[in-house]
Amino acid sequence: MFKGKKFLILGVANERSIAWGIAKALHDQGAELAFTFVNEAIEKRLRPLAEGINCSMVLPCDVQNDQQLDSLFTEIGERWGKIDGVVHSIAFADKADLDNRFSKTSREGFKLALDVSAYSLIAVAGRAEAIMNEGGSIITLTYLGSQRSVKNYNVMGVAKAALESSVRYLATDLGEKNIRVNAISAGPIKTLAASGIPGFRELLNKFAESSPLKRNTSVEDVAGAALFFLSPWSAGVTGEITYVDCGFSTVGIG
Ligand code: NAP
């Protein structure tokens with residue numbers, strides 16, 4: 001299904017990253033991939049992973065930097081001519097804004113979290129459009145903390161609410177070009193980004209106990225849903241926020 005298809009993956013920090021799980025699944029199905037790194041430390045970890053799946057297209061991109069975003073899409077356009085999909089798997093907030101009370105969120109911390117975690121999807125989709133000449137599929141990763149107040153998720157919950165709203169507006173804006181935009185709302189998974197959230201271990205335990213499937217979400221669960229959204233099997237689906245959290249979000253009180 002993915003033979004000859006080309007995807008850009010943003011957000012692999014290491015082998016535990018959700019983006020890496022999705023990338024491996026795409027590779028296993030025959031897709032060609034390009035990856036981005038935000039800094040040298042990530043580049044050092046990413047290159048061997050990418051080489052392990054015979055991928056040499058590993059390019060710099062800090063999503064806060066418009067020039068880097070422009071260069072990224074120019075280079076991909078020159079090397080590949082077109083892309084079929086993008087995996088946006090990026091989020092960041094200042095640790096102080098996750099540790100402190102929400103009412104103490106700083107203006108700078110708010111801007112940073114919203115810029116990296118929500119605006120970046122708009123910045124990426126707007127540029128991807130130019131090289132998705134046969135239509136395409138863009139997916140992003142979100143979390144239930146956008147809809148409910150989850151302890152310590154704080155400004156990241158607000159950023160995820162903005163991200164989910166952006167998914168709906170981008171789906172509307174890009175739909176005419178047959179570009180679909182969807183989000184996967186994943187249950188908690190132990191990754192680098194997640195370990196920055198105070199009390200994350202408790203959250204994991206709570207999910208496993210309360211979810212209908214009585215277990216935590218795996219990267220493979222998310223990758224399976226990602227393949228669906230990136231494939232023609234979901235050709236009629238856009239603007240959706242889909243929960244891949246072992247059913248946790250469906251459970252009511254009592
Ligand atoms: P991860 O492995 O730490 O991936 C997050 C990535 O975002 C890292 O590669 C990170 O780089 C990158 N990033 C941060 N700032 C950036 C910037 N300015 N430019 C480019 N990249 C930047 O964690 P993950 O859990 O897989 O997270 C991926 C996505 O899934 C995030 O949107 C997250 O909110 C979402 N999600 C995660 C969970 C979970 O429980 N893990 C649940 C639901 C949704 P640095 O390491 O250098 O910051």
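This passage describes the ligand site and the two largest pockets of a predicted model.

The ligand sits in the largest pocket of the protein. Around the ligand are 29 residues, of which S17, D62, K160, I189 and T191 come nearest. By class, this shell consists of 20 nonpolar residues, seven polar residues and two charged residues.

Polar atoms of the protein lie close to oxygen atoms of the ligand at several positions, among them S17, I90 and I189. At S17, a polar side-chain atom is 2.5 Å from a ligand oxygen. At I189, by contrast, the protein atom belongs to the backbone, and the distance from this polar atom to an oxygen of the ligand is 2.7 Å. A polar backbone atom is also involved at I90, where the distance to a ligand oxygen is 3.2 Å. On its own, the ligand has 880 Å² of accessible area, and the protein covers 90% of this area.

The largest pocket contains about 1,100 Å³ of space. Its lining is made up of 41 residues, and those closest to the pocket centre are S89, I90, A91, F92 and A193. Several elements give two or more residues each to this lining: the strands β2 (32–37) and β5 (136–142), together with the helices α4 (95–99), α5 (107–128), α6 (154–174) and α7 (200–210). Divided by class, the lining of the largest pocket has 28 nonpolar, ten polar and three charged residues. I90 thus appears both among the residues closest to the centre of this pocket and in a backbone contact with the ligand.

The second largest pocket holds about 340 Å³ of space. It is lined by 18 residues, with V150, K151, L203, K206 and F248 closest to its centre. The lining of this second pocket comprises nine nonpolar, five polar and four charged residues.

Definitions and conventions: Residues numbered from 1 in each chain as written. Predicted model: local features only at pLDDT ≥ 70, side-chain atom pairs only at ≥ 80, totals over all residues. Heavy atoms only, no water. Near = heavy atom within 4 Å. Polar contact = N/O pair within 3.5 Å; in protein donor to acceptor, adjacent residues only side chain to side chain. Areas by Shrake-Rupley, 256 points an atom, 1.4 Å probe, with all protein chains shown as cover. 1 Å grid on protein atoms, 1.4 Å probe; cavity = no way out; pocket = protein on both sides within 12 Å on 5 of 7 lines; lining within 4 Å. Sits in = over half its atoms within 2 Å of the grid points. Nonpolar A, V, L, I, M, F, W, Y, C, P; charged D, E, K, R; others polar. Points joined across faces, edges and corners; volume = space filled by probe spheres on them. Helix = DSSP H or I, 4+ residues; strand = E, 2+ residues; numbered from the N terminus.
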